[in-house]
Amino acid sequence: MGSKEDVDSLTRLFEKLGFSVHLKQDLTALKMKAFAEEESKDLRRGMKETDNLDMLVFVILTHGGLDEESSSDKIYGTDGEFLHPQKIFAFFNNDNCPALMGKPKFFIIQVRAVVNTFGKNFWQN
């Protein structure tokens with residue numbers, strides 16, 4: 001199944017389950033981070049409106065791999081730059097997003113692995 005089909009299937013699924021879906025596609029690493037930060041800020045600003053919010057599901061479909069320097073996961077934006085998923089998670093922790101305090105935060109990150117061979121990155125199916 002291709003990425004477009006994955007996006008369509010996930011959108012239909014979560015809408016059918018009653019979720020409000022905010023879809024962004026083809027983002028650079030910086031724009032992925034900015035989108036997560038803005039969503040977190042929107043939730044903080046509308047805390048009274050989030051009383052009926054049951055949980056957060058945040059899905060990222062992209063390329064990724066292992067950061068050899070820090071031995072942690074990394075995800076790539078469309079610009080080839082990367083960020084660590086922990087930066088996304090942090091926007092929704094209890095300190096940064098009290099509107100979600102005590103509520104489940106479910107992150108789905110589907111990556112197509114990048115393998116570094118002789119200093120060059122190759123996409124691995």
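The exercises below treat a predicted model of a single chain, each with a worked solution.

**Exercise 1.** Work out how the elements of the chain are ordered, and which of them have the lowest and the highest mean pLDDT.

*Solution.* Begin with the count, which gives 3 helices and 5 strands for the chain. Then follow these elements from the N terminus on, where they run α-α-β-β-β-α-β-β. Finally turn to confidence: the chain as a whole has a mean pLDDT of 84, while among its elements strand β5 (residues 120–123) has the lowest mean, 48, and helix α3 (residues 85–90) the highest, 94.

**Exercise 2.** Classify the aromatic pair of Tyr76 and Phe82, and decide whether each residue is buried or partly exposed.

*Solution.* The ring centres lie 6.2 Å apart and the planes stand at 70 degrees, and because an angle over 60 counts as edge-to-face, the pair belongs to that class. Tyr76 has 9% relative accessibility and therefore counts as buried, the cut-off being under 20%, whereas Phe82, at 35%, counts as partly exposed. Phe82 has a further partner, since the charged end of Lys74 sits over its ring, 4.5 Å from the centre.

**Exercise 3.** Describe the pair of Phe92 and Phe107, and say where in the chain each residue lies.

*Solution.* With 6.1 Å from centre to centre and 55 degrees between the planes, this aromatic pair is tilted. Phe92 lies in the loop between α3 and β4, and Phe107 in strand β4, 15 residues apart, so the pair links distant parts of the chain. Phe92 is buried at 1% relative accessibility, while Phe107 is partly exposed at 23%. Both belong to a cluster that ring pairs form with Phe35, Phe58 and Phe89.

Methods. Residues are numbered from 1 along each chain as its sequence is written. This is a predicted model: local features need pLDDT of at least 70, side-chain atom pairs count only at pLDDT 80 or more; totals for chains, interfaces and linings use all residues. Side-chain values use heavy atoms; hydrogens and water are left out. pLDDT is the predictor's confidence in each residue, from 0 to 100. Helices (H or I, at least four residues) and strands (E, at least two) are DSSP runs, numbered from the N terminus. Rings of Phe, Tyr and Trp (its six-membered ring) pair if their centres lie within 6.5 Å; planes under 30 degrees apart count as stacked, over 60 as edge-to-face and the rest as tilted. Buried means under 20% relative accessible area, exposed over 50%, partly exposed in between (1.4 Å probe, protein chains only). A charge sits over a ring if NZ of Lys or CZ of Arg is within 6 Å of the ring centre and within 35 degrees of the ring normal.
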